[in-house]
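Open the model in your viewer and keep the sequence panel in view. The tour goes from the core to two side chains.

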Amino acid sequence: MRAGRPQDYAVGDVKIWTSGRFYMARGPSGFVALYRQCPHLRCTIPPPSDGIFECKCHLSRFGLTGELLRGPAQRPMDRFPIRLVNGELVVTTGEASVIRRTEYSDADAFDPGPVA
Ligand code: FES
């Protein structure tokens, strides 16, 4: 699924891609396509407020690129693979493509190279 050009995002931006069930976040290390399903008990995590995602089911909190800030979740938000095609971010969505994260790493972020 196409998710716009890298230069359409400033660092700190999050865009909602409802049909793909992900949020595209641009953090300091690059882009992360965050699965909206909570890693605790699978509620849908609503859009962030002030760069913080909070699941309304049991109030787990996650940072801009899905890092765990507060439980009961025990791990970061999951993500989808990203690649650059003709200058656009393209996300492979669907349950079979979810990358389950047990730990958070800045290396999870996709770096598209220099962007305008
Ligand atoms: S399902 Fe999200 S905190 Fe429990």
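**Stop one: the cores**

This is a predicted model. Start with the largest nonpolar core, which has 14 residues. Select Leu-34, Ile-45, Phe-53, Phe-62 and Met-77: they have the most contacts inside this core. Now colour strands β2 (22-27) and β3 (30-35). Each supplies at least two residues of the largest core.

Next, select Tyr-9, Met-24, Phe-31 and Tyr-35. They are among the 12 residues of a second, separate core.

**Stop two: His-40**

Go to the loop between β3 and β4 (53-54) and pick His-40 there. Is His-40 buried or partly exposed? His-40 counts as partly exposed because its relative accessibility is 27%, and buried would mean under 20%.

Show what surrounds this side chain. Leaving aside residues up to four places away in sequence, His-40 touches His-58, Pro-72 and Ala-73. With His-58 there is also a polar contact, side chain to side chain, at 3.2 Å. Then add Gln-74. Its C-alpha is 7.0 Å from that of His-40, though 34 residues separate the two in sequence.

**Stop three: Arg-75**

Move to the loop between β6 (68-70) and β7 (79-80), where Arg-75 lies. Which side chain makes a polar contact of 2.6 Å with the side chain of Arg-75? Select Asp-78: that is the partner. Now show the backbone of Arg-101. Its oxygen lies 2.8 Å from a polar atom of the Arg-75 side chain.

Finish with the wider contacts of Arg-75. Not counting residues up to four places away in sequence, Arg-75 touches Pro-39, Phe-62, Leu-68, Arg-100, Arg-101 and Thr-102. Phe-62 appeared at stop one, in the largest core.

How values were computed: Residues are numbered from 1 along each chain as its sequence is written. This is a predicted model: local features need pLDDT of at least 70, side-chain atom pairs count only at pLDDT 80 or more; totals for chains, interfaces and linings use all residues. Side-chain values use heavy atoms; hydrogens and water are left out. A nonpolar core is a set of buried Ala, Val, Leu, Ile, Met, Phe, Trp, Tyr and Cys residues joined through side-chain atoms within 4.5 Å. Buried means under 20% relative accessible area, exposed over 50%, partly exposed in between (1.4 Å probe, protein chains only). Helices (H or I, at least four residues) and strands (E, at least two) are DSSP runs, numbered from the N terminus. Contact means heavy atoms within 4.5 Å. A polar contact is a pair of N or O atoms within 3.5 Å; within protein, one must be able to donate a hydrogen and the other to accept it, and residues adjacent in sequence count only if both atoms are side-chain atoms.
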